[in-house]
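The following exercises work through a structure in stages, each with a task sentence and a stepwise solution. Please keep the coordinates open while reading.

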Amino acid sequence: MHFLGAAMDVVICTAKEQDAWRDALSACLPEARVHVGVEAPQCDYAVVWKPPSAFFAGQPRLKALFSLGAGVDGLLAMPALPREVPLVRMEDVGMAAQMIEYALYVTLRRFRRFAEYAEAQAEGRWAPRSYRDRHDFPIGVLGLGVLGGAVARALADFGFDVSGWSRTAKTIEGVQCEHGSAGLDVMLGRSELVLVFLPLTGDTEGLLDRERLAKLPEGAALANLSRGELVDDEGLLEALDSGWISEAYLDVFAREPLPAEHRYWTHPRVHMTPHVAALTPHDVACEQVAEKVRRLEAGLPVSGVVDRVRGY
Ligand code: NDP
Ligand code: OXD
């Protein structure tokens, strides 16, 4: 029940850790009454991550809906999602730093050939490789938004040869920026390591198919940290089997948890993590929601509003 003139009501509905999220939001937004779950009364704002469809039927008067994730593909795919309510996504909230950590791990492991040395050790071989400069290690970053842009900048600052690809033209110091489909082919063709930070949309689903994977130089590696559906799994497995792609670092999968029988689990060239590349810290995320709620209440614009047509 909502009382006119009373404090605003906010509901949080998440697939896990719902009470911890409620506590964090209550601390950041003490002026609001914070409710949880599908049974909550009608509220002014909702904060969600993988809510059940039934949730929206009980919230007919939302002023805005906040996603606790950066990616909104799951929410946009829900038929029950109210179309007229602004959908606001998470922007960074500590995830860019975690993506940089992950990207640096993969980059350094490849660049310093640690996997090759481990293999040589297992075979009892003393096999030093010659010096290589960071500027001679070309890395491609797909998606130059909040996360991909931060990673591209960090790798370029570290001295690597970085190119990036986005939908619209960009300028990032130290990064060769490409856009459009011709730009994608150029960057794939020169990248020994490709890092994926694109949102899942109608335009990006299946983007890395057999044909595009074949454009990478022989022996290149791929790291997909955004959404599994961007990559054609069968095409990638073929490329890994043939050695054209020497390693895949996969944090995300078209089906999660990845089914037990999937070949990725046991493929010697696949390194998996269970969708943990960047986790959302409760306190920082709730601070961002609280700040945006206050701006909306004051009639001010907020950043991170999802464009429903472009899908991110
Ligand atoms: P942003 O919206 O800030 O950035 C998206 C980038 O992708 C932009 O540069 C955009 O181009 C580009 N892009 C979108 N569509 C296309 C296209 N068709 N062709 C070329 N470029 C395109 O998103 P974030 O950086 O915040 O997040 C990226 C994704 O990371 C999320 O959508 C989510 O799926 C994933 N993610 C994964 C996590 C994990 O733990 N594995 C954690 C958090 C996020 P432009 O700049 O021109 O708009
Ligand atoms: C996100 C995610 O989109 O965690 O934030 O995948």
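**Exercise 1: the surroundings of ligand 1**

In this predicted model, 30 residues surround ligand 1, the closest being Leu147, Thr168, Lys170, Asp251 and Tyr312. Task: establish which polar contacts ligand 1 makes through its oxygen atoms with leucine 147, lysine 170 and arginine 227, and how much of its area the protein buries.

Step 1. Taking a polar contact as a pair of N or O atoms within 3.5 Å, begin with the backbone, where a polar atom of leucine 147 lies 2.8 Å from an oxygen atom of ligand 1.

Step 2. Turning to side chains, an N or O atom of lysine 170 is 2.7 Å from an oxygen atom of ligand 1, while for arginine 227 the corresponding separation is 3.2 Å.

Step 3. Ligand 1 exposes 940 Å² when taken alone, and the protein buries 93% of that area.

Step 4. By class, the shell around ligand 1 divides into 15 nonpolar, 9 polar and 6 charged residues; helix 6 gives the largest share, 3 residues, and helix 4 (95-111), helix 6 (146-157) and strand 7 (161-166) each supply at least two.

**Exercise 2: the surroundings of ligand 2**

Task: determine which residues lie around ligand 2, and what share of its accessible area the protein covers.

Step 1. The residues around ligand 2 are Trp49, Gly69, Ala70, Gly71, Met95, Arg227 and His275, and by class they comprise 3 nonpolar, 3 polar and 1 charged.

Step 2. An oxygen atom of ligand 2 lies 2.7 Å from a backbone N or O atom of alanine 70, one is 2.8 Å from a side-chain N or O atom of arginine 227, and one is 2.6 Å from a polar side-chain atom of histidine 275.

Step 3. Of the 210 Å² of accessible area that ligand 2 has on its own, the protein covers 87%.

**Exercise 3: the open sheet**

Task: work out why strand 2 and strand 5 each have one side without a neighbour in the sheet, and which helices pack against its strands.

Step 1. The open sheet has 5 strands in the order 2-1-3-4-5, with parallel pairing.

Step 2. Strand 2 (33-36) and strand 5 (87-88) stand at the edges with a single partner strand each, so one side of each lacks a neighbour in the sheet.

Step 3. Helix 1 (residues 18-28) packs on the sheet, touching strand 1 (9-14), strand 2 and strand 3, and its direction makes about 150 degrees with that of strand 1.

Step 4. Helix 10 (residues 282-297) lies across strand 3, strand 4 and strand 5, at about 165 degrees to strand 4.

How values were computed:
Residues are numbered from 1 along each chain as its sequence is written. Chains are lettered from A and ligands numbered from 1 in the order in which they are written. This is a predicted model: local features need pLDDT of at least 70, side-chain atom pairs count only at pLDDT 80 or more; totals for chains, interfaces and linings use all residues. Side-chain values use heavy atoms; hydrogens and water are left out. Two strands pair if DSSP finds at least two bridges between them. Helices (H or I, at least four residues) and strands (E, at least two) are DSSP runs, numbered from the N terminus. Contact means heavy atoms within 4.5 Å. Axes are lines fitted to C-alpha atoms, for helices over the stretch in contact, and angles run from 0 to 180 degrees between N-to-C directions. A residue is near a molecule or strand if one of its heavy atoms lies within 4 Å of it. A polar contact is a pair of N or O atoms within 3.5 Å; within protein, one must be able to donate a hydrogen and the other to accept it, and residues adjacent in sequence count only if both atoms are side-chain atoms. Accessible areas come from the Shrake-Rupley method with a 1.4 Å probe; for residues, only the protein chains shown count as cover. Ala, Val, Leu, Ile, Met, Phe, Trp, Tyr, Cys and Pro count as nonpolar, Asp, Glu, Lys and Arg as charged, and the others, Gly among them, as polar.
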